[in-house]
Amino acid sequence: MPKDPSTPRVAALVGPYLSGKTTLLESLLSCAGTLRRRGKVIDGTAVGDTSPEARKREMGTEMNVASTEYLGEKWTLLDCPGSIELLQESLNALMVCDAAVVVCEPDIDKAIAIGPMLRFLDQHNIPHFIFINKMDHPGSGVRATLEALQAHSARPLVLREIPIRDGEEIKGHVDLVSERAFKWTDGKASELIEIPKDVSAREEAAREEMLETLADFDDALLTELLEDVVPSRDEIYDNLMRDLSHDAIVPVLFGSGEHMGGVTRLWKALRHEVPEVSTTADRLGAAIGSATSAQVFKTVYAGHAGKLSYARIWSGTMKDGQEFDQGRVSGLYAMQGQKQEKKPKAEAGEIVAMGRLDRVQCGETLRSGKSTAGSKWPQPLTPLYSMAIEMQGQDDDVKLSGALTKLADEDASLKIEHMQALGQLVLWGQGEMHLRLALDKLQIRHGLDVQARRPLVPYKETIRKSVSKHARHKKQSGGHGEFGDVDIEIKPLSRGAGFQFADVIHGGAIPKQYIPAVESGVKEYMHRGPLGFPVVDIAVTLKDGQFHAVDSSDMAFRKAAMQAMREAMPACQPVLLEPICEVTVNVPNTFTANAQRIISTRRGQILGYQAKEGWDGWDEITAHMPEAEMHDLIIDLRSQTLGVGTFEFAFDHLKELTGRTAEDVLAASQEA
């Protein structure tokens with residue numbers, strides 16, 4: 001049955017690193033007639049991955065936008081980076097797409113890698129397909145891969161086709177709805193052939209299985225199957241379209257992006273089954289009738305062009321120069337990779353880049369009129385890895401601050417932290433590669449020479465013993481002198497008690513106006529104790545003292561207090577304290593033992609573990625771990641969990657550190 005033309009639609013290509021998403025994008029564009037010659041990632045000639053950072057690494061480092069038409073209908077394809085450290089880009093793209101294509105390899109051991117992505121899609125009810133790529137490789141198995149993937153999907157996976165084999169190699173497929181067979185031809189459209197006799201039995205069994213799954217969501221179809229009535233193709237297509245739109249099922253297709261196998265089949269599935277923009281806007285709560293509404297999902301600072309805000313138009317017409325509460329659109333562009341094509345207006349469904357909307361942040365909705373309609377947007381990913389960064393040479397720190405602000409505006413999973421107590425500027429991200437990429441951008445795009453190193457650990461120190469001390473500060477240099485005399489007692493407090501100051505002055509030994517200066521001097525000393533770290537958990541009591549009617553001052557008593565602390569603290573048996581974090585590690589239960597071993601080797605104390613609520617097959621391990629051991633925890637954890645392990649953490653308490661580890665910390669501090 002002929003299909004009515006649709007409004008512009010958007011599909012996002014997501015999946016693990018090396019799954020072949022960008023190659024599949026090239027083939028989809030070639031199949032649609034947009035590209036005369038397909039590029040290659042390894043040659044740096046692909047539509048996506050054109051930034052200097054991407055070419056340097058021969059991998060996708062940011063989301064790329066490609067516009068095309070297929071059979072007279074407008075499409076935008078969003079090619080998302082595969083690295084787990086660049087996941088924020090993918091999540092932003094998924095929030096504005098009509099459907100996602102999750103690209104994976106036919107390797108059962110790698111099926112677990114797409115589990116977190118499938119969970120995110122289901123949590124947000126985003127329609128999605130699975131495309132098993134690289135099926136032209138010898139030994140690739142559809143059924144085994146499907147079963148492995150099903151273990152990580154909360155929705156039933158519906159196989160849409162079965163392979164035609166020639167020995168160990170897959171040479172084509174049979175579509176289970178149309179019951180037509182196609183032979184793959186390298187670099188060309190598939191050739192329609194008769195269903196091979198040795199495939200017929202498998203095709204009938206697979207088709208029956210597909211229909212039974214669809215019947216779980218349609219009573220009429222279930223009745224037909226029970227009465228042995230063969231449903232029509234149109235009825236099956238209607239079920240597939242409706243169930244996909246509701247995120248009730250996940251259609252599974254396969255092919256070879258590199259050799260064009262199954263690419264036309266994927267295009268047809270997208271064209272016939274992906275919902276239109278009005279359905280997506282309703283799902284997100286972003287629809288506002290005829291008024292203009294658009295969702296910003298990506299920010300780019302494009303040199304002299306300034307800030308570009310990528311947005312999906314939910315409703316109405318977007319025009320160049322249009323005014324919104326957040327500002328005026330100054331330049332409206334269609335994007336093709338890094339290329340911009342200026343346009344006067346854009347319609348609902350399209351993706352555009354808007355210039356000079358400096359106040360707009362990623363996730364915000366632009367609206368005309370007085371509507372209060374909003375849309376859902378997930379919280380940014382929590383940073384897990386950090387580096388302390390500093391300028392080299394004569395570069396301007398103010399310029400660095402501005403460049404970092406732009407990077408964080410482009411990527412919400414980056415965080416900037418000014419650690420004043422340690423004198424460090426710390427950049428947080430999702431992993432080492434993520435931060436190295438940020439440093440490359442600082443150098444290439446902003447011309448900044450920045451070096452990075454491991455951040456310092458915020459050690460503290462306290463005392464074990466109480467000590468009393470008398471100190472006098474006296475100085476005469478002509479005119480008024482300086483005189484302050486204090487008698488203090490220093491006592492240890494329980495861990496976490498902080499700092500307490502009191503005075504028991506009687507008879508006016510020290511006038512009341514000077515007592516705050518004594519406290520100020522004590523606090524000033526506490527910034528750096530005898531071990532070289534900030535002092536915590538002590539109580540200081542001002543017991544007695546003397547003053548001079550002419551020479552005493554706030555400054556004199558502040559200096560006297562500092563002198564008393566400086567002379568007394570070494571005798572208080574100072575001890576080093578290290579920060580301990582409460583860490584919650586999340587891993588598939590097949591890797592629980594690996595995670596526990598990682599925690600133990602990092603001086604961690606496991607508090608317990610349990611099944612992670614709402615995550616079938618995942619465990620949650622809770623532990624106390626020294627902050628000093630957490631710097632590269634995410635790297636170790638990912639290497640032992642096929643990239644999917646993660647954790648959350650928060651400071652919990654300070655703990656005494658003794659022995660060789662404490663000696664090493666003190667030696668390093670003294671050397672620094």
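Is Arg603 buried, partly exposed or exposed? Arg603 is partly exposed, at a relative accessible area of 33%. That comes from a predicted model, as does everything below.

## Arg603 and its partner

So what does Arg603 hold on to? Its side chain meets that of Glu578 in a salt bridge, with 2.9 Å from N to O. Arg603 sits in the loop between α15 (592-601) and β32 (605-611), while Glu578 belongs to strand β31 (residues 574-588), so the bridge ties together parts that are 25 residues apart in sequence.

The two ends don't share a setting. Glu578 counts as buried, with 3% relative accessibility, whereas Arg603 is partly exposed.

## Salt bridges elsewhere

There's plenty more of this kind to look at: the count comes to 36 salt bridges. One of them pairs the side chains of Glu62 and Arg445, at 4.0 Å from N to O. That pair links distant parts of the chain, 383 residues apart: Glu62 is in the loop between α2 (52-57) and β2 (64-70), and Arg445 is in the loop between α12 (432-444) and β25 (450-453). Glu62 is buried, with a relative accessible area of 11%, and Arg445 is partly exposed, at 33% relative accessibility. Neither residue stops at this one pairing as far as the wider picture goes, since Glu62, Glu89, Lys298, Glu410 and Arg445 are linked in a network of salt bridges.

Another bridge runs between two helices. The side chains of Glu209 and Arg143 meet at 3.5 Å, N to O. Glu209 lies in α6 (residues 197-215) and Arg143 in α5 (residues 142-150), so this pair ties together parts that are 66 residues apart in sequence. Here both ends count as partly exposed, with Glu209 at 42% relative accessibility and Arg143 at 36%.

## A single cavity

Search the whole structure for cavities of 30 Å³ or more and you find one. About 210 Å³ of space lies in it. Its lining is made up of 17 residues, and those nearest the centre are Thr61, Glu89, Glu410, Asp411 and Lys441. Two of these names should ring a bell: Glu89 and Glu410 also belong to the salt-bridge network.

Which elements give two or more residues to the lining? They are α3 (87-94), β12 (293-301), α11 (397-410) and α12. Helix α12 provides the largest share, with four residues. By character, the lining divides into six nonpolar, four polar and seven charged residues.

## Arg312, an arginine out of sight

Arg312 is worth a click. You'll find Arg312 in strand β13 (residues 307-315), and it is buried, with a relative accessible area of 0%.

What does its side chain reach? One contact is the backbone oxygen of Gly349, at 2.6 Å. The backbone oxygen of Val96 is another, lying 2.7 Å from a polar atom of the Arg312 side chain.

## Two leucines with positive phi

A couple of backbone angles also deserve a glance. Leu18 has a phi near 75°, a positive value in a residue other than glycine. Leu18 lies in the loop between β1 (9-14) and α1 (21-31), and counts as exposed at 52% relative accessibility.

Leu642 also has a positive phi, near 55°. Its place is in the loop between α16 (633-639) and β34 (646-657). Leu642 counts as partly exposed, at 47% relative accessibility.

## Cysteines without partners

How many disulfides does the structure hold? A search of the whole model finds zero. Take Cys362: the closest cysteine sulfur, in Cys80, is 12 Å from its own sulfur, so the two are too far apart for a bond. The cut-off for a disulfide is 2.5 Å between the sulfur atoms.

As for surroundings, Cys362 is partly exposed, with 24% relative accessibility. Cys581, by contrast, counts as buried, at 2%.

Technical notes:
Residues numbered from 1 in each chain as written. Predicted model: local features only at pLDDT ≥ 70, side-chain atom pairs only at ≥ 80, totals over all residues. Heavy atoms only, no water. Buried < 20%, exposed > 50% of the residue type's maximum accessible area, 1.4 Å probe, protein only. 1 Å grid on protein atoms, 1.4 Å probe; cavity = no way out; pocket = protein on both sides within 12 Å on 5 of 7 lines; lining within 4 Å. Points joined across faces, edges and corners; volume = space filled by probe spheres on them. Nonpolar A, V, L, I, M, F, W, Y, C, P; charged D, E, K, R; others polar. Polar contact = N/O pair within 3.5 Å; in protein donor to acceptor, adjacent residues only side chain to side chain.
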